[in-house]
Amino acid sequence: MLFVYLYCRWKGWGKRDGDDRLPILVATRKAAWALLMPVIILGGIYGGVFTPTEASVVAVFYALIVGLFVYREFTLRDVWAALKKSVISAAVIMFIIANAGFFAYLITRAGVPEQIGQFLKATLQSPELFLLGVNVALFLIGMFIETSASIIVLAPILAPVAVHFGIDPVHFGLIMVVNLALGMVTPPFGVNLFAACTVARISVDQIVARLLPFVGVVLACLAIITYFPPLSLALRDLVYR
């Protein structure tokens, strides 16, 4: 957030965003129905009412009902146009995911992730070096292999080694998730990267150069998470001590 603020100040973006802005209470009242969406989604997921996948369906129907009958900002004709656009966007993204999944399958069948894990286990003999090696390896693996597949393959190999070095499993899990999530916005198989390009109707090469500073910020955050465990564990330790 600090980087975005400073970056916008440097670029001169958003200086007039406050013009004609409604008072916060008025804006909150007008947006109340829209603001209920994340409450319903997160409440339903954490309450066990529906799964994260089912939550997407609930979100779509909720947005449809609110948009058609509450705010009345679009018509059934607009819904049909939105459906056509979503089909095209989803087809492009699913094609990328399918190819990335096939590539990940080939790499997994070849035993590459397991070999990397065994190499890290045998070579790096201190917690600091182990975490550094894991971050480098996961960053590279995340560029080519889908996140869930990487976790399924690598977690059983690396987690026991992390525990052996005295690294908290929760801390190590956060390191893995943050690192592999970074792979979703890095070429050549960054799913979120291609999704953003599809929505914005621009090519990948147009967004990569502008993305680099943000990748650098995430890497800096990852370094802090890696070598400052209390940032990840303080709340857990406070609740479950």
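Me: In this predicted model, in which helix is Val 39 found?
Reply: The model is predicted rather than determined by experiment, and the helix that holds residues 32-46 is one of those that supply the nonpolar patch. Val 39 is found in helix H3.

Me: Is Val 39 buried or exposed, and what is its relative accessible area?
Reply: A residue counts as exposed when its relative accessible area is over 50%. Val 39 passes that cut-off and is therefore exposed, its relative accessible area being 52%.

Me: Which helix gives the most residues to the nonpolar surface patch?
Reply: The patch has an area of about 650 Å² and is made by Trp 33, Leu 36, Val 39, Ile 40, Ile 65, Phe 69 and Val 70. At least two of its residues come from helix H3 (32-46), and at least two from helix H4 (52-70). The helix that gives the most, with 4 residues, is H3.

Me: How are H1 and H11 oriented to each other, roughly parallel or roughly antiparallel?
Reply: Helix H1, residues 2-11, packs with helix H11, residues 204-227, their axes lying 11 Å apart at an angle of about 150°. Angles over 145 degrees count as roughly antiparallel. The two helices, H1 and H11, are therefore roughly antiparallel.

Me: Is the crossing of H1 and H11 left-handed or right-handed?
Reply: The angle at which H1 and H11 pack is about 150°, and handedness is a further description of this pair. The crossing of H1 and H11 is right-handed.

Me: Which residue forms a salt bridge with Asp 168?
Reply: Side chains of opposite charge can pair when their charged atoms come close. For Asp 168, the closest N and O atoms of the pair are 3.0 Å apart, and the partner is Arg 236. This pair links distant parts of the chain, 68 residues apart, with Asp 168 in the loop between helix H8 (147-164) and helix H9 (169-182), and with its partner in helix H12 (residues 230-240), namely Arg 236.

Me: Which residues are joined into one network by salt bridges that share partners?
Reply: The structure holds 2 salt bridges, and in one of them the side chains of Arg 236 and Asp 237 meet at 2.7 Å, N to O. Arg 236 is partly exposed, with a relative accessible area of 29%, and Asp 237 is likewise partly exposed, at 34%. Through shared partners, the salt bridges join into one network Asp 168, Arg 236 and Asp 237.

Methods. Residues numbered from 1 in each chain as written. Predicted model: local features only at pLDDT ≥ 70, side-chain atom pairs only at ≥ 80, totals over all residues. Heavy atoms only, no water. Patch = residues over 30% accessible without salt bridge, like charges linked within 9 Å, V, L, I, M, F, W, Y side chains within 5 Å. Areas by Shrake-Rupley, 256 points an atom, 1.4 Å probe, with all protein chains shown as cover. Salt bridge = Lys/Arg side-chain N within 4 Å of Asp/Glu carboxyl O. Buried < 20%, exposed > 50% of the residue type's maximum accessible area, 1.4 Å probe, protein only. Axes fitted to C-alpha atoms, helices over the stretch in contact; angles between N-to-C directions. Parallel < 35°, antiparallel > 145°, perpendicular 65-115°, else oblique. Left-handed = near helix turned anticlockwise from the far one by under 90°.
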